[in-house]
Amino acid sequence: MHVRGVDPQDTTWEQDDATYRAYFWDRSERVSDEYEVTGADVEDVLAWARAKAEETGSVYTLYVRVTDEGRPGLVRLSGVAGDPFA
């Protein structure tokens with residue numbers, strides 16, 4: 001982990017509400033179950049994802065949905081990185 005101080009004026013926008021995507025990977029069946037979550041804070045979404053993964057015996061990846069130059073994309077926040085079936 002690398003930590004450095006930043007200028008808080010180096011960004012041009014900020015958004016209080018986020019849209020999250022949670023992918024639950026069933027490695028034995030090689031399938032995934034996907035959800036979109038809104039109206040919640042990241043701590044709540046993480047708690048829900050961890051509980052659901054434990055309940056279903058799966059692993060998860062949690063993303064925040066962002067837009068870059070008008071194109072939607074995902075930024076990984078927690079969970080499995082890369083190919084979950086590798």
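Analyst: A residue counts as exposed when its relative accessible area is over 50%, and as buried when that area is under 20%. Between the two limits, a residue is partly exposed. Keep in mind that this model is predicted.

User: Why is Arg71 called exposed?

Analyst: Arg71 has a relative accessibility of 53%. The limit is over 50%, so the label exposed applies.

User: What makes Asp68 partly exposed?

Analyst: Asp68 stands at 46% relative accessibility. That value is not over 50% and not under 20%, so Asp68 is partly exposed.

User: Why do Asp68 and Arg71 count as a salt bridge?

Analyst: A side-chain nitrogen of Lys or Arg must lie within 4 Å of a carboxyl oxygen of Asp or Glu. For Asp68 and Arg71, the N to O distance is 4.0 Å. That meets the cut-off, so the pair counts.

User: How many salt bridges does the structure hold?

Analyst: The structure holds two. One of them joins Arg21 and Glu36, with the closest N and O atoms 2.8 Å apart. This pair ties together parts that are 15 residues apart in sequence, because Arg21 lies in strand β1 and Glu36 in strand β2. Arg21 is partly exposed at 24%. Glu36 is partly exposed too, at 48%. As a general rule, side chains of opposite charge can pair when their charged atoms come close.

User: Why does Lys52 have no salt bridge?

Analyst: The nearest side chain of opposite charge is Asp33, and it is 4.7 Å away. The cut-off is within 4 Å, so this pair does not count. Yet Lys52 is buried.

User: Where is Lys52, and what is it in contact with?

Analyst: Lys52 sits in helix α1, residues 42-56. Leaving aside neighbours within four places in sequence, Lys52 is in contact with Phe24, Tyr35 and Ser58.

User: What lies beneath the label "antiparallel" for the sheet?

Analyst: Four strands form an open sheet, with antiparallel pairing, in the order β2-β1-β3-β4. The edge strands are β2 (31-37) and β4 (71-79). They are edges because each pairs on one side only. The twist averages 30 degrees from one strand to the next.

User: What makes β1 and β2 a pair?

Analyst: Two strands pair if there are at least two bridges between them. Strand β1 (residues 19-26) and β2 have seven bridges, in the antiparallel sense. The requirement is met, so they pair. Within this pair, Tyr23 stands opposite Glu34 in β2.

User: What joins β1 to β3?

Analyst: Seven bridges join these antiparallel strands. Here Ala22 stands opposite Leu62 in β3.

User: Where does helix α1 lie?

Analyst: Helix α1 lies across β1, β2, β3 (59-68) and β4. It runs at about 15 degrees to β1.

User: What is notable about the phi of Arg30?

Analyst: Arg30 has a positive phi of about 60 degrees, although it is not a glycine. Strands β1 and β2 form a hairpin with four residues between them, and Arg30 is in the turn. At 53%, Arg30 is over the 50% limit, so it is exposed.

User: Where is Glu69, and what is its phi?

Analyst: Glu69 is in the loop between β3 and β4. Its phi is positive, about 55 degrees, although Glu69 is not a glycine. With 72% relative accessibility, Glu69 counts as exposed.

User: Why is Val64 called buried?

Analyst: Val64 has a relative accessibility of 16%. Buried means under 20%, so the label applies. Val64 lies in strand β3. Leaving aside neighbours within four places in sequence, its contacts include Ala18, Tyr20 and Leu74.

User: What makes a group of residues a nonpolar core?

Analyst: The members must be buried, of the nonpolar types, and joined through side-chain atoms within 4.5 Å. The largest such core has 11 residues, among them Tyr20, Ala22, Leu46, Leu62 and Val64. Strand β1, helix α1 and strand β3 each supply at least two of its residues. Helix α1 gives the most, with four. In general, nonpolar side chains in soluble globular proteins tend to be buried together.

User: Which residues is Leu46 in contact with, leaving aside its neighbours within four places in sequence?

Analyst: They are Tyr60, Leu62 and Ser78. Of these, Tyr60 and Leu62 belong to the largest nonpolar core, as does Leu46 itself.

Methods
Residues numbered from 1 in each chain as written. Predicted model: local features only at pLDDT ≥ 70, side-chain atom pairs only at ≥ 80, totals over all residues. Heavy atoms only, no water. Buried < 20%, exposed > 50% of the residue type's maximum accessible area, 1.4 Å probe, protein only. Lys, Arg positive; Asp, Glu negative; His and termini not counted. Contact = heavy atoms within 4.5 Å. Axes fitted to C-alpha atoms, helices over the stretch in contact; angles between N-to-C directions.
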